Amino acid sequence: MNCIILTMLMAALIMTMMSAAVMSFTPSRQCMHSIQTQKPLPRENTQICYKNLNEVHTNDASNATLPTSRLASREPTVRSILTVEDFEALVLEEKEKLVVIRFHAPWCRVCKATNVAYERCATKIQSAYPSRIKFLSANFDGSKGTNELRDLLLEVHGVDVRTVPTGMLYHPSMVLGTVRLTRKHLSALKQKIEMYLQGENDLLSLLDDPSTDEIS
């Protein structure tokens, strides 16, 4: 009789311990258990489960360490000219590289349409010939700095930027002049620059051909 009572007491104790274990089963563990067994969670735990999983993903993302190369600030491929001082430092003081400058304006639709094309052209060529060429950009937005730059180009260098988008080519040996930079002419200029950098053409070949001086 005593053995039967003892057995019943042990069984009751085991059931109590199992119930306590189930009650202490955290929502996030319940969620994982539900995923593994493909059994639905109780309605009251579903929202808590999703919340806990979101917290796990958030913590993982915040603690993740990005590669140093991704975090390091990189110099943009196309640098901006904002003032006369910028022009002197980035263009006139250049001793080795061919310099391509794109003049554009915020109100110019053609400029906006060719922004990406110019960036891609600059990235491709400059990455292939980093020591021989650089690409710049000047936004003629009507500010004092850009107005002074426009005057300097005309009065000192004889470069008259009347329309945008217009490109200017500069080499330490000479100011080559201006070229058109619509989508059509940008593609042609890219080919000319690559041929020049490969030694197939001279500097003057980069300029627009007067015989094809039609309006685009």
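**View 1. Aromatic pairs, with Tyr118 and Phe135 up front.** Search this predicted model from end to end and you come away with 2 aromatic pairs. In one of them, the ring centres of Tyr118 and Phe135 sit 5.9 Å apart with the planes at 75°, so this one goes down as edge-to-face. The partners come from distant parts of the chain: Tyr118 belongs to helix α6, Phe135 belongs to strand β3 (residues 133-139), and 17 residues separate them. Is this pair buried or exposed? Tyr118 and Phe135 are both buried.

**View 2. Thr114, elsewhere on helix α6.** Here we stay with helix α6, which covers residues 109-128 and includes Thr114. Thr114 has a relative accessibility of just 2%, so it counts as buried. What does Thr114 touch, once residues up to four places away in sequence are set aside? The list reads Arg102, Pro165, Leu181, Thr182, Arg183 and Leu186.

**View 3. Val99 in strand β2.** Strand β2 takes in residues 98-104, and Val99 is part of that stretch. Its relative accessible area is 0%, so Val99 is buried. Leaving out residues up to four places away in sequence, Val99 touches Leu90, Val91 and Glu94, along with Lys134, Leu136, Met168, Leu169 and Tyr170. Pick out Lys134 from that set: its C-alpha is 5.2 Å from the C-alpha of Val99, although the two are 35 residues apart in sequence. Lys134 falls within the range of strand β3, residues 133-139.

**View 4. Arg132 and the ring of Tyr196.** This close-up is about a side chain and a ring face. Arg132 lies over the face of Tyr196, and the distance to the ring centre is 5.8 Å.

**View 5. Stepping back to the whole chain.** How many helices and strands does the protein have? The tally is 8 helices and 5 strands. Starting at the N terminus, the order is α-α-α-α-β-α-β-α-β-α-β-β-α. Of the 216 residues, 31% are buried; Thr114 and Val99 are among the buried ones, as are Tyr118 and Phe135. For contacts between residues at least 6 apart in sequence, 65% join residues at least 24 apart. As for the outside, the accessible surface adds up to about 14,700 Å², with 57% of that belonging to carbon and sulfur atoms.

Conventions: Residues are numbered from 1 along each chain as its sequence is written. This is a predicted model: local features need pLDDT of at least 70, side-chain atom pairs count only at pLDDT 80 or more; totals for chains, interfaces and linings use all residues. Side-chain values use heavy atoms; hydrogens and water are left out. Helices (H or I, at least four residues) and strands (E, at least two) are DSSP runs, numbered from the N terminus. Buried means under 20% relative accessible area, exposed over 50%, partly exposed in between (1.4 Å probe, protein chains only). Contact means heavy atoms within 4.5 Å. Rings of Phe, Tyr and Trp (its six-membered ring) pair if their centres lie within 6.5 Å; planes under 30 degrees apart count as stacked, over 60 as edge-to-face and the rest as tilted. A charge sits over a ring if NZ of Lys or CZ of Arg is within 6 Å of the ring centre and within 35 degrees of the ring normal. Accessible areas come from the Shrake-Rupley method with a 1.4 Å probe; for residues, only the protein chains shown count as cover.
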